[in-house]
Amino acid sequence: VLEGVRRAGHDPADLGTFGCILGGDVLYEARNAVPVAAFLSAHLEPDGEAWLADPGRLHARDFPVQAAAAGLYLVEERRIPSADPTATVTLWRFVKG
């Protein structure tokens with residue numbers, strides 16, 4: 001996430017804050033969890049929400065713990081069946097606390 005922002009010529013610190021941030025399949029590597037949680041925490045407004053969807057990656061199961069360490073609170077978690085019968089999408093909604 002952050003590398004993509006940097007490659008586009010932006011400093012993540014200059015992005016400001018947002019009331020809602022959406023992300024899909026951003027936890028494709030285990031090493032992404034801490035930077036994604038930090039990014040969300042830094043760029044959500046005080047009452048902002050972040051919605052993330054993950055296609056069932058094993059290491060993504062621990063993301064709510066990393067998000068909590070970054071000051072985000074999990075307020076909703078849903079499992080959504082996908083077109084692939086072997087996969088389930090997890091949808092999380094976090095708020096900044």
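Leu 72 stands opposite Lys 96 in strand S4. That is one position in a hairpin made by S3 and S4, with six residues between the two strands. S3 covers residues 72-81, and S3 pairs with S4 in the antiparallel sense over nine bridges. Two strands count as paired if DSSP finds at least two bridges between them. Pro 81 also takes part, and the bridge partner of Pro 81 in S4 is Thr 88.

Before I go on, a word on the source: this is a predicted model, where local features need pLDDT of at least 70, side-chain atom pairs count only at pLDDT 80 or more, and totals for chains, interfaces and linings use all residues. Residues are numbered from 1 along each chain as its sequence is written, and side-chain values use heavy atoms, with hydrogens and water left out.

Now the chain as a whole. The secondary structure comes to three helices and four strands, in the order α-β-α-β-α-β-β from the N terminus on. Helices (H or I, at least four residues) and strands (E, at least two) are DSSP runs, numbered from the N terminus.

How are the strands ordered in the sheet? The order is S1-S2-S4-S3, in an open sheet of four strands with mixed pairing. S1 and S3 stand at the edges with a single partner strand each, so one side of each is left without a neighbour in the sheet. From one strand to the next, the twist averages 15°.

On its other side, S4 meets S2, residues 44-54; these two run antiparallel and are joined by six bridges. In S4, Leu 52 has Trp 92 as its bridge partner, and Ala 50 has Phe 94. Helix H2 lies across S1, S2, S3 and S4, and runs at about 150° to S2. Axes here are lines fitted to C-alpha atoms, for helices over the stretch in contact, and angles run from 0 to 180 degrees between N-to-C directions.

Next, the aromatic residues. A pair of aromatic rings is described by the distance of the centres and the angle of the planes. Rings of Phe, Tyr and Trp (its six-membered ring) pair if their centres lie within 6.5 Å; planes under 30 degrees apart count as stacked, over 60 as edge-to-face and the rest as tilted. The structure holds three aromatic pairs. One of them is Phe 63 with Trp 92, a tilted pair at 5.9 Å centre to centre and 40° between the planes. Phe 63 lies in helix H3 (residues 63-69) and Trp 92 in S4 (residues 88-96), so the pair ties together parts that are 29 residues apart in sequence. Trp 92 and Phe 94 form another tilted pair, with 6.4 Å between centres and 45° between planes. Phe 63, Trp 92 and Phe 94 make up one aromatic cluster.

Are these residues buried or exposed? Phe 63 and Trp 92 are both buried, where buried means under 20% relative accessible area, exposed over 50%, and partly exposed in between (1.4 Å probe, protein chains only). Trp 92 has a relative accessibility of 2%, and Phe 94 has 0%.

The three residues also appear in the largest nonpolar core, which has 16 residues. A nonpolar core is a set of buried Ala, Val, Leu, Ile, Met, Phe, Trp, Tyr and Cys residues joined through side-chain atoms within 4.5 Å. Those with the most contacts inside this core are Leu 27, Val 36, Leu 40, Leu 52, Phe 63, Trp 92 and Phe 94. H2 (33-43), S2, H3 and S4 each give two or more residues to the core. The largest share, four residues, comes from H2. In soluble globular proteins, nonpolar side chains tend to be buried together.

One residue in a loop: Asn 32 sits between S1 (18-24) and H2. Asn 32 is buried, with a relative accessible area of 12%. Leaving aside neighbours within four places in sequence, Asn 32 is in contact (heavy atoms within 4.5 Å) with Val 26 and Leu 27.

Last, some totals. Buried residues make up 31% of the 97 residues in the chain. Among contacts between residues at least 6 apart in sequence, 69% join residues at least 24 apart.
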